[in-house]
Every structure is written in C-alpha cells, then in structure tokens.
Amino acid sequence: MSYLKNGLAHYWTKKIQRVWIPYVFAQLVNMLILTQKRDIGTIVLDFTFIKPTHPFGWYLRSLAVCYIIFFLVFLFIKNIRLLTASIFLCFFIWFLIRSLVIIDATPFLQARQMLAFPCGVLIGLNKNKILNTLGGYLKRRMIGFLTIIISTFIYGVLHTSLGVGLPLIIYNGIALFTCELCALGLIEISYSMKLLWNKKMTL
C-alpha cells in the first residue's frame, strides 16, 4: 500500500493526475465533438464532481468521496486498528445517508460498491495476515468459489418476489453484502492463480 511507504505526500497530486485530469479532458473533447453549449455553472459542477453530466459520473463522485474520507482519516489517526475501524465507520455512515437521506437514481449502484474501498484499505494494511489466515492455493480457490456461489445465490433471491417491496436500506444492505462477497471471491481466485503461476515459472 503506497500510504505505508510514502504517507500522504503527493496524495492529491496523484489523484488529480489519474482521475480528475482524464475526466476533464474527456468531457472537453465530448463537448467539442458534440458542440454542446453549457453554462459556466454546469461546467463547474461537472468538473468538481458535484453534479457530473456524464452518465457514469456518479462513480467518480463516489470515488472522490472515498479519497476525501481516506485522506481525513489517515491525516488524524495513526493507530492502524483504529484507523481501519474509522474507515469502515465513515463508510457505514455514508451508506446510511445514501440509503435514507440522499436518494437519487443510482442508490443501488452505489450501495453495491460501498464496501469496495474500505475493504481495499483493510487488505492493503493487513495483506500478509490475511494471506496466512487463508492458507494455501487450493484452500484460497475453494474459499473464492464458495463466496461466489453464496453471493450469486443471495443476489438471485434478491431479484425474486422475496426481494420486491423490501425497504431500500435492507435491499441496499443485501446488495452491498452480495456484491462485495462476490468481488472478494474473484480477487481471491485470481490472486491465488497468479501466485501459483509465478511459482511454476520459477521452478
């Protein structure tokens, strides 16, 4: 994890170079090609991710919130355990806000990815511990396949009559759990296969 090596040095510089500049460039090209006329207020809201005009701009807005939460938590908290707990607490509060207060056209999409960032932080900070807990290649792949099967089954049930009419926060919570579980399963399988391949190549 880059934070463990470099701290927060050049944190925002990297985010601007990798996320903001490509988005602004793409949007400018899009406006030129489509000869779209936008007022300065719309452009400012778009480029600051407050109200993006791109159909998938909601994802970049969510990513910007992730970056801000990460920066503030890591700026004020140095203890690793407290830091990880604080990250998850912030995202849990954000999940509640998105499910109960600020509800727009993309609550389901955002809910399904809400844990991706904090889980990435958790894995980055505890990579060796997690790998030792999971065990060998075969065990990791079995865990990966099992999590994918369980999450797919629950996700399927969610889209049946049993899931219709559920309160939004419960629906979002189930979607959050199933999608994150499936993603972790895929990561575990791909990582174990990569390690196995690298081991064979060195023999």
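Here's a quick briefing on one helix pair, the nonpolar core and one residue in helix 10. This is a predicted model, where local features need pLDDT of at least 70, side-chain atom pairs count only at pLDDT 80 or more, and totals for chains, interfaces and linings use all residues. Residues are numbered from 1 along each chain as its sequence is written, and side-chain values use heavy atoms, leaving out hydrogens and water.

**Helix 4 against helix 7**
- Helix 4 (residues 57-76) packs on helix 7 (residues 116-125) at about 45°, with the axes 11 Å apart; helices are DSSP runs of H or I, at least four residues, numbered from the N terminus, and axes are lines fitted to C-alpha atoms over the stretch in contact, with angles from 0 to 180 degrees between N-to-C directions.
- The two helices are therefore oblique to each other (not under 35, over 145 or 65 to 115 degrees).
- On the helix 4 side, C66, Y67, F70 and F74 meet F117, V121 and L125 of helix 7 (contact means heavy atoms within 4.5 Å).

**The largest nonpolar core**
- This core has 24 residues, and F70, V73, F74, L83, I87, F91 and F117 touch the most other members; a core is a set of buried Ala, Val, Leu, Ile, Met, Phe, Trp, Tyr and Cys residues joined through side-chain atoms within 4.5 Å.
- Helix 4 gives the largest share of this core, nine residues.
- Leaving aside residues up to four places away in sequence, I87 touches I69, F70, V73, F74 and P118.

**I170**
- I170 sits in helix 10 (residues 168-202).
- I170 is partly exposed, at 41% relative accessible area (buried is under 20%, exposed over 50%, partly exposed in between, with a 1.4 Å probe and protein chains only).
- The C-alpha atoms of I170 and S99 are 8.9 Å apart, though 71 residues separate them along the chain.
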